[in-house]
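Please walk me through this model in the viewer, one selection at a time. I would like to know what to select next and what is there.

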Amino acid sequence: MMMAKPIRPEPPAKTGERLLDVKGLTIEIETRNGPATIVDGIDLHVDKGETLGIVGESGCGKSLTMLSMMRLLPNKIKVTKGEANFAGRDLQKMSNSELRKVRGGEVGFIFQDPMTSLNPVMRIGQQLAEPLIYHRGMSKAEARKRAGELLRLVGIPGAEDRLDAYPHELSGGMRQRVMIAIGLACNPQLLIADEPTTALDVTIQAQIVDLVKDLRDKLGMSVVWITHDLALIAGLVDRINVLYAGTVVEDAPVDALFANPSHPYTQGLLASIPKLSDERSTRLSSIGGTPPEPGRRPKGCPFAPRCPLAETICHERVPALEGLSHGGAHRVACFVAQRKLEAA
Amino acid sequence: MAAQPLMRIEHLVKHFHVRLGAFGERAATVHALDDVNFDIFEGETLSLVGESGCGKSTTGFTLLNLHRATEGKVIYQGKNIVELDEKAMRPYRRQLQIVFQDPYSTLNPRMTIGEAVGEPILFHKLATKAELKDRIATLLADVGLPPRFASRYPHELSGGQRQRVAIARALACQPKFIVCDEAISALDVSVQAQIINLLLDLQQKYGLTYLFIAHDLAVVRHISDRVGVMYLGRLAELATREELFEHPLHPYTKALLSAVPEADPAHERSRKRQILQGDVPSPLSPPAGCRFHTRCPIAMKVCGKVVPEWREARPGHMVACHAVTEGLPG
């Protein structure tokens, strides 16, 4: 089935139905001193029609988690435990040929750097047509027509003429639009965007965020947007997961997260963003220290060594991600935050 | 802020000559900087913002004479430093320092931190060998690193720690002026805040003047006294931080500010962004007249023909825009 026009004109309904469900996923890297844990039993999920933001600093495992689901991890990095279910099927147990149908078909990807993700010696049109021919069994002519439509969809001026261009002939913003078009080529149910705007200028960044927002509403897909920039996704996502050292430390609807950040790490992250109202030379609040390196994870809560509120228990046991509000939509993995709630 | 500028930049031009085509058969000129004018006052933080390729880093490099200026003057202590040769430049080098974006590639991986920080001290003969160790320890303490770091190598340090070392190395020469070229852009948010605080502390302690080159407007708004906005090799607007963020005059500044995300979901969902159409034109053949006219929402006929004059629209608020000039009385 091929559709030239947006499938669903109305914004997607949030059904509460799980599209992606990751449970207890553990990723290890082989080092000279034996295996070291990078992602530690992570749980996360995305509902149908939902947009999830995954926020964390470099090395927190946000990209690896997404890559591991598609079994795209580099050598020496392996999933050792856990499952990742997509539309009810475990991606970790799928055969390679089954998985190939999911990659680029039901799940679309946009990576950070379009210069390294696009093939430099292949014309844009061919790169767009490839997934259509492979996943949708289109003929070359059909695929080329659809490729032109996709370029128009992502707002590339003179779309049909650009099909024969090579990546180096396009600007950074245009290349990222091509990446988005490829990610969307097969009408995916889930679009995973891994820092898609980090390399781009602020005005282009705003264009790309608005574009994805617009396309999501038109096409009714779920989106996972991975970023280190909380402000950037504030107006885009429904829910945010904050990652620290390979675990989800806070999971909350976007408004709740900004209004009532409950994990000390989330609070620190939000406080370290300069505000409009700040006087010049007011000190920014910062989080002292640096995240733990893989292989040197602390015994208890991974954030405890940097945490201003850490208590004895935090250094000894790992807190579970538990519900804060009624219905458990806002969850936090912090002994101190959980106890505060019980006391209230 | 003293009335006498520490540095005066007059009609600064930097063109790069490049060869294009598979065999370099076509000569071309990159108009990286064209007729840039501004003053830097002692003790202030002046930021330059703009998108990649706008010439903000080239400005930093050219005014330190790291790139040879094509035309124009940079007056520092009564001397036009951009016409000095390397030897005549040396006494000024000590006073004018730079911190780069990537602390991974600017530190020599085979030199210990102590050696890296000590090198400029010995080069400029600012301390004897006997005093050196103490001096290095003081500098490391200034940037918040314990003295034992002196014997470590760059690969043993985190990105934030390396940037602290790069700052210590710049401070080693007891400079007056530091160009921070995207000095915090590669760092994570929480670490970025640490380095911003450090830069502000050091400025107070040593009376430093900063030229801060960055693309993150939230950070720029936080640390600057004055902000200059660049577009395609020219300054579009320059004003105090309050003036620029509260009353931007140039249409490019307005578009740039409207693209900055705020950490407020309700505000972000409802805000109407002024999205610029198209891409930045190539600096190989910049548009005639106002360089922004090809993307400007309020461009007039004159904008494509005449370069707008760099003039004071309000006290201390410089702008180059025909539409703004027309709206002014007189």
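**Helix packing in chain A**

Select residues 124-136 of chain A, helix α4, together with residues 172-184 of chain A, helix α7: the two pack with their axes 8 Å apart, at an angle of about 20°. Since angles under 35 degrees count as roughly parallel, α4(A) is roughly parallel to α7(A). Their crossing is right-handed. To see the contact, show side chains for A:Ile124, A:Gln127, A:Leu128 and A:Pro131 on α4(A), and for A:Val178, A:Ala181 and A:Ile182 on α7(A). By class, the residues of this contact are 6 nonpolar and 1 polar, with no charged. The model is a predicted one, and the same holds for each stop below.

Keep α4(A) on display and add helix α5, residues 140-153 of chain A; here the angle is about 120° and the axes are again 8 Å apart. The crossing of α4(A) and α5(A) is right-handed. From α4(A), pick A:Gly125, A:Leu128, A:Ala129, A:Leu132 and A:Ile133. They meet A:Lys140, A:Ala143, A:Arg144, A:Arg146, A:Ala147 and A:Leu150 of α5(A). This contact divides into 7 nonpolar, 1 polar and 3 charged residues. A:Leu128 is listed in the contact with α7(A) and also in the contact with α5(A).

**The eight-stranded sheet of chain B**

Move to chain B and colour its strands. An open sheet of 8 strands, with mixed pairing, runs in the order β6-β7-β8-β3-β9-β10-β12-β11. Which strands stand at the edges? They are β6 (96-99) and β11 (311-314) of chain B; each has a single partner strand, so one side of each is left without a neighbour in the sheet. On average, neighbouring strands of this sheet are turned by 20° against each other, direction ignored.

Now zoom in on β7 (residues 177-181) and β8 (residues 209-213) of chain B, which run parallel and are joined by 5 bridges. Within this pair, B:Ile178 stands opposite B:Tyr210 of β8(B). Then select residues 159-171 of chain B, helix α6, which lies across β6 and β7 of chain B and runs at about 175° to β6(B).

**The four-stranded sheet of chain B**

Next, find the open sheet of 4 strands in chain B, ordered β2-β1-β4-β5, where the pairing is antiparallel. Its edges are β2 (26-41) and β5 (79-80) of chain B, each with a single partner strand, so one side of each has no neighbour in the sheet. Strand β4 (residues 71-76) of chain B is joined to β5(B) by 2 bridges, and the two run antiparallel. Label B:Ile75, which stands opposite B:Asn80 in β5(B). Add helix α1, residues 56-63 of chain B: this helix packs on the sheet and touches β1 (5-20), β2 and β4 of chain B. The direction of α1(B) makes about 115° with that of β1(B).

**Where the chains meet**

Show both chains and select the residues in contact between them: 38 from chain B and 36 from chain A. On the chain B side, α7 (189-206), α8 (217-223), α10 (251-258) and α11 (265-270) each supply at least two residues. Which helix of chain B gives the largest share? It is α7(B), with 8 residues. The side of chain B that touches chain A divides into 19 nonpolar, 8 polar and 11 charged residues.

**Confidence**

Finally, colour by pLDDT. Chain A has a mean of 87, with 93% of its residues at 70 or more. For chain B the mean is 91, and 98% of its residues reach 70 or more. Select residues 1-12 of chain A: pLDDT stays under 50 there, and the model has 15 contacts beyond four places in sequence for this stretch. Where pLDDT is low, the predicted coordinates should not be read in detail. The model scores ipTM 0.80 and pTM 0.86.

Key: Residues are numbered from 1 along each chain as its sequence is written. Chains are lettered from A and ligands numbered from 1 in the order in which they are written. This is a predicted model: local features need pLDDT of at least 70, side-chain atom pairs count only at pLDDT 80 or more; totals for chains, interfaces and linings use all residues. Two strands pair if DSSP finds at least two bridges between them. Axes are lines fitted to C-alpha atoms, for helices over the stretch in contact, and angles run from 0 to 180 degrees between N-to-C directions. Two residues are in contact if their C-beta atoms, placed from the backbone, lie within 7 Å. pLDDT is the predictor's confidence in each residue, from 0 to 100. Ala, Val, Leu, Ile, Met, Phe, Trp, Tyr, Cys and Pro count as nonpolar, Asp, Glu, Lys and Arg as charged, and the others, Gly among them, as polar. Angles under 35 degrees count as roughly parallel, over 145 as roughly antiparallel, 65 to 115 as roughly perpendicular and the rest as oblique. A crossing is left-handed if the near helix is turned anticlockwise from the far one by less than a right angle, and right-handed if clockwise.
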